[in-house]
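User: Could you take a close look at the charged side chains in this protein, and at how they sit relative to the rest of the fold? I would enjoy one connected walk through that part.

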Amino acid sequence: MSRTGAWSLPTAAGRVAVAPGEIRVRNRLDRVCVEGLRALANGRAPSVGRDVSGSAVAAAIAALGTLLEWVGSGGTGGGIAGFGLVTGFAGVCVSAVRNARTEIPLRDVRRAEFRDGDVVVVHEDEDGDAVETAFRPRSPAARNDAALALRLRGVDLRGADDADGVSRTVVDAPETELVA
C-alpha cells in the first residue's frame, strides 16, 4: 500500500490502483498491444476488443473497402481507399487512448467478479446502467492482492474463493473500512 492509502497492482496492460474513494485503471498502449497479441496466441479474444469495439468494426469495414477497391481497380485505386483505412484505424487508436484511463468511484461499484483470470468490476455509469470494466492481473500474487484490496474497500467479491491471500474471514467479513 502507498502512503496515500492506495493499493497498486500490475496488470497485463498497465496498473490498477484501489484507492480510498475510487478504482483507477491505467492501461499503457504498448502493453495493450502486447496483451492483445498474447491473448490471440492463447486462443482468447483480446480485452482491447471490449474497449474499442465500435472503432474496430469501423476499421474492419474500412480494411474490407480498401481491399475491394484495390482488387477492383487492378491495384491502382489504393490512395482513396487507403484514406478510409487510415481513418478507421485512427478511430481505433483514439478509442484506445480515450479508454486508457478509467476512474470508477467506489460508491458506484456493485461487485467484482473473478472470471478466467480477469477481474471484472461491475459498476454503474452516469445513467445508472451496469457497466463492466475488466483487467487481468499479471500474476497470481497480483490477483490475490486485487481480491484483498477490493474486499477491504467493501466491494462484494464473486469467484475469489480460491485467492490464497484472502482468508475466509476477510471474504465473509462485513464491509470494513481501512484505518490509515
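Analyst: Happily; what follows starts with the overall fold, moves on to the charged pairs, and ends with the core and one further pair of residues.

Please keep in mind that this is a predicted model. The protein has 6 helices and 8 strands, and from the N terminus on its elements follow the order β-β-β-α-α-α-α-β-β-β-β-α-β-α. Of its 180 residues, 36% are buried. Among contacts with a separation of 6 or more, 46% are between residues 24 or more positions apart. The accessible surface amounts to about 10600 Å², and carbon and sulfur atoms hold 57% of that.

Now to the charges. Side chains of opposite charge can pair when their charged atoms come close. Searching the whole structure gives 8 salt bridges, and a few of them deserve a slow look.

Let us begin with Arg 24 and Glu 22, which form a salt bridge with their closest N and O atoms 3.0 Å apart. Both partners are partly exposed: Arg 24 has a relative accessible area of 23%, and Glu 22 has 24%.

The next group involves four residues. Arg 111 and Glu 113 meet through their side chains in a salt bridge, at 2.5 Å from N to O. Glu 113 counts as buried because its relative accessible area is 13%, under the 20% cut-off. A further salt bridge joins Glu 132 to Arg 115, with 3.0 Å between the closest N and O atoms. Glu 132 belongs to strand 7 (residues 130–135) and Arg 115 to strand 5 (residues 109–115), so this pair ties together parts that are 17 residues apart in sequence. Arg 115 itself is partly exposed, at a relative accessible area of 33%. Through shared partners, the salt bridges link Arg 111, Glu 113, Arg 115 and Glu 132 into one network.

Arg 151 makes a nice counterpoint. This residue lies in helix 5 (residues 140–152). Arg 151 is buried but has no salt bridge, and the nearest side chain of opposite charge, that of Asp 156, is 5.5 Å away. That distance leaves the pair outside the definition, because a salt bridge requires the side-chain nitrogen to be within 4 Å of the carboxyl oxygen. What does lie by the side chain of Arg 151 is the backbone oxygen of Val 155, 2.9 Å from one of its polar atoms.

Helix 5 also leads us to the nonpolar side of the story. The largest nonpolar core has 22 residues, and those with the most contacts inside it include Val 16, Phe 135 and Leu 150. Strand 1 (7–11), strand 2 (14–18), strand 3 (22–27), strand 5, strand 6 (118–124) and helix 5 each contribute at least two residues to this core. Helix 5 gives the most, with 5 residues.

Val 16 brings us back to the first pair. Beyond its neighbours within four places in sequence, Val 16 is in contact with residues including Trp 7, Leu 9, Ile 23 and Phe 135, and with Arg 24 as well. Arg 24, then, both touches this core residue and forms the salt bridge with Glu 22.

One last stop lies away from the charges. Ala 63 sits in helix 3 (residues 53–72) and is partly exposed, with a relative accessible area of 29%. From Ala 63 to Val 86 the C-alpha atoms are 8.9 Å apart in space, with their positions 23 residues apart in sequence.

Methods: Residues are numbered from 1 along each chain as its sequence is written. This is a predicted model: local features need pLDDT of at least 70, side-chain atom pairs count only at pLDDT 80 or more; totals for chains, interfaces and linings use all residues. Side-chain values use heavy atoms; hydrogens and water are left out. Buried means under 20% relative accessible area, exposed over 50%, partly exposed in between (1.4 Å probe, protein chains only). Helices (H or I, at least four residues) and strands (E, at least two) are DSSP runs, numbered from the N terminus. Lys and Arg count as positive and Asp and Glu as negative; His and the chain ends are not counted. A polar contact is a pair of N or O atoms within 3.5 Å; within protein, one must be able to donate a hydrogen and the other to accept it, and residues adjacent in sequence count only if both atoms are side-chain atoms. A nonpolar core is a set of buried Ala, Val, Leu, Ile, Met, Phe, Trp, Tyr and Cys residues joined through side-chain atoms within 4.5 Å. Contact means heavy atoms within 4.5 Å. Accessible areas come from the Shrake-Rupley method with a 1.4 Å probe; for residues, only the protein chains shown count as cover.
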